[in-house]
Amino acid sequence: MTSLALSPDVAASVLAEQQEAYAALQARDLSLDVTRGKPSPEQLDLSNALLALPGEGNVRDGGTDTRNYGGLMGSAALREIFAELLNVPVGQLLAGGNGSLTLMHNALTFATLFGVPGGERPWAKEETVRFVCPVPGYDRHFVLCEELGIEMITVPMTPEGPDAEAVAELVASDPTIKGMWVVPTHSNPDGATVSDDVARRLVSMPTAAPDFRIMWDNAYAVHHLTDVETPSADALGLAAEAGNPDRVLLFASTSKITFAGAGVSFLGASPANLDWFTKHLGVQSIGPDKVNHLRHALFFGDADGVRAHMRQHAEIIAPKFEAVEQILTERLGGTGVAEWTTPTGGYFVSLDVVPGTAARVIALAKEAGIALTPAGSTYPYGKDPLDGNIRLAPTMPPLEDVKVAMDGVATCVLLAAAEAALA
Ligand code: PMP
C-alpha cells in the first residue's frame, strides 16, 4: 500500500483533468451518504412480518410466558436457531437485547470493575490494560476501549485475519495485554475471514496475562454476498481444544439480519465465562425482551430460515457492491493510486489511497456533497498513521446513488493523488 502514488509524468495532466471533473461534480449539488454500514429500507422491509409477530394471544415460548420478567439466557427456541448458525453449543449461547455492542460493553465493563475468571484482580486495579487491535478495524471497538482507558496496540490485518504471529509475539511477554478484537467473518472494513490456522494460533498462543480475552465479534457470520457461504472458524471449540476454554467471548446479532434497531444480540462463551457474565448481567437486568426473541424465532422457524432470508439481503445489496467494484476498476484500475477490497460478504469496502491523501479525499468528497466515514476512523484514536485508508459503506443508499457517489470518490482520489504528486 505504501507504494501507491501517481507517476510524476502524468500528475499535471491528471490534475487538470480531475479539477475539471471535480468542478462538474460540485455543480451537481449532491447530498449522498456512504458513511455507515446501515441496512437500506428495502432490506428492513424484508423483515416487516416481524411487526405483526408474535401476534395477540401468542405469548408462550415453550413453557415461558414471554411477557413476564426473567429468563436471563433468553429464548431457548431462538438460541437453538443461532446456536447452529454460530457454531456454539446452545447451552453456551445467551440471547440478549437489541445490540451486540451492548454485550461487548458489558463484558469489558464487568472485566474492568470485577475482573474475569482466571484473572487476579479487576482490570481497573491494573496499572495499565492494553488490547491488541487489528487494523483497519471497527471504530466502535476502538472508542469502547478508549472510554474504559484500555490502551490500544495495532497489528496489521491480512487476508486470513489478524497477523497472528505479530499478535503472538506481543502477548507472549506483556502481561498488560489483556485482550484483542477480532471480526472473524467478512471483517469490518476489509472483508477478511479468519482462517482455521489463524484461529488456532490465536486461541492457543501462550499469553503473559492469565486472563487474556479474545473479543470474537462475529457480526457478519451469515452475511454472504454470493452463494458461497464462507464458514467461520469454530473459535470456542478450538479454544477449548487448546486448553484455553475461557479465552474467547463470541458476539453476534441480528442487527443486519432483521431490524438494526430492534434485533437480538448473542453472546457465546465457556460455562465459566457465562456464569461470570450472567452473574453481573443479572444485577443489571431481570431479563431480556423475550417477546422480541419469540417474534424472531417464529419469523425464522429454523436456521435454514435465516439462511434463506440472508439470500434475499444479498439480492438487494450485491448489486451495490458490484457497482463499487466496477466503478473503482473503471476509474482507478491501473492508475497506481488506489487499491480496494472485493468482499464476499459483510458491509464494507476498504479503499487504500495514496498515503497522506485519505483525509484530503474525504474532505474533497464532503465539499462535493458525498459524506464518507471520517478520516482515520478505521484506526484506534482516529489516527491512521499513513492517512491512507477509507471505509466505504454502500448498503444504505439506492443503487443509483452508490454509482454517483463512487464516481465522485474516484474523482477525489485522483485529484488528491495529483495534488500530492505535485506538492
Ligand atoms: N460489530 C461490528 C464489526 C460491526 O460492524 C457492527 C455494526 N456496524 C456492530 C458490531 C454493531 O452490532 P450491533 O448492532 O449488534 O450492536
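These legends go with a set of close-up views of one predicted model. Because the model is predicted, local features are taken only where pLDDT is at least 70 and side-chain atom pairs only at pLDDT 80 or more, while totals for chains, interfaces and linings use all residues. Residue numbers start from 1 along each chain, following the sequence as written.

**View 1. Two domains and the contact between them.**
The chain splits into domain 1 (8–43 + 307–422) and domain 2 (61–302), with bounds that come from an automatic or database domain assignment. Their centres, taken over C-alpha atoms, are 30 Å apart. Domain 1 puts 24 residues into the contact and domain 2 puts in 28 residues; two residues are in contact if their C-beta atoms, placed from the backbone, lie within 7 Å. On the domain 1 side, α11 and β15 (389–392) each supply at least two residues, and α11 has the largest share with seven residues. Helices (H or I, at least four residues) and strands (E, at least two) are DSSP runs, numbered from the N terminus. By class, that side of domain 1 holds twelve nonpolar, nine polar and three charged residues. Here Ala, Val, Leu, Ile, Met, Phe, Trp, Tyr, Cys and Pro count as nonpolar, Asp, Glu, Lys and Arg as charged, and the others, Gly among them, as polar.

**View 2. The largest nonpolar core.**
There are 129 residues in this core, and L86, L250, V337, V353, V361, V413 and A417 touch the most other members. A nonpolar core means a set of buried Ala, Val, Leu, Ile, Met, Phe, Trp, Tyr and Cys residues joined through C-beta atoms within 7 Å. Buried means 20 or more other C-beta atoms within 10 Å of a residue's own, exposed means 12 or fewer, and partly exposed is in between, with C-beta atoms placed from the backbone. Helix α13 (residues 399–422) gives the core its largest share, 14 residues, and domain 1 and domain 2 each contribute at least three residues. Zoom in on A417: setting aside neighbours within four places in sequence, A417 is in contact with L6, V337, V353, V354 and T357.

**View 3. Around the ligand.**
The residues around the ligand are G37, G99, S100, L101, Y138, V183, N188, D217, A219, S253, S255 and S265, where a residue counts as near if its C-beta atom, placed from the backbone, lies within 6 Å of the molecule. Sorted by class, this shell has four nonpolar, seven polar and one charged. N188, one of the shell residues, also starts a cis peptide bond to P189, with omega near 10°. P189 sits in the loop between β8 (177–182) and α7 (196–204).

**View 4. Helix α10, mostly covered.**
Nine of the eleven residues in α10 (residues 290–300) are buried. They are K290, N292, H293, L294, R295, H296, A297, F299 and F300. What do they pack against? The partners of these buried residues are β2 (60–61), β3 (64–65), α3 (76–86), β4 (93–95) and α11 (303–332). Right after α10 comes G301, with a positive phi near 80°.

**View 5. An open sheet of eight strands.**
The strand order is β4-β11-β10-β9-β8-β5-β6-β7, and the pairing is mixed; two strands pair if DSSP finds at least two bridges between them. At the edges are β4 and β7 (161–162), each pairing on one side only. Inside the sheet, β5 and β8 run parallel and are joined by three bridges, and V132 has M180 in β8 as its bridge partner. Just past β5, the peptide bond from V135 to P136 is cis, with omega near 0°, and P136 lies in the loop between β5 (130–135) and α5 (139–147).

**View 6. Strand β15 and its partner β13.**
Strand β13 (residues 349–353) runs antiparallel to β15, with four bridges between them; S350 has R391 as its bridge partner in β15. N389 and R391 point one way from β15, I390 and L392 the other way, and all are buried.

**View 7. Two positive phi values outside glycine.**
N87, in the loop between α3 and β4, has phi near 60°. D387, in the loop between β14 (370–372) and β15, has phi near 50°. Are these two buried or partly exposed? N87 is partly exposed, with 19 other C-beta atoms within 10 Å, whereas D387 is buried, with 20.
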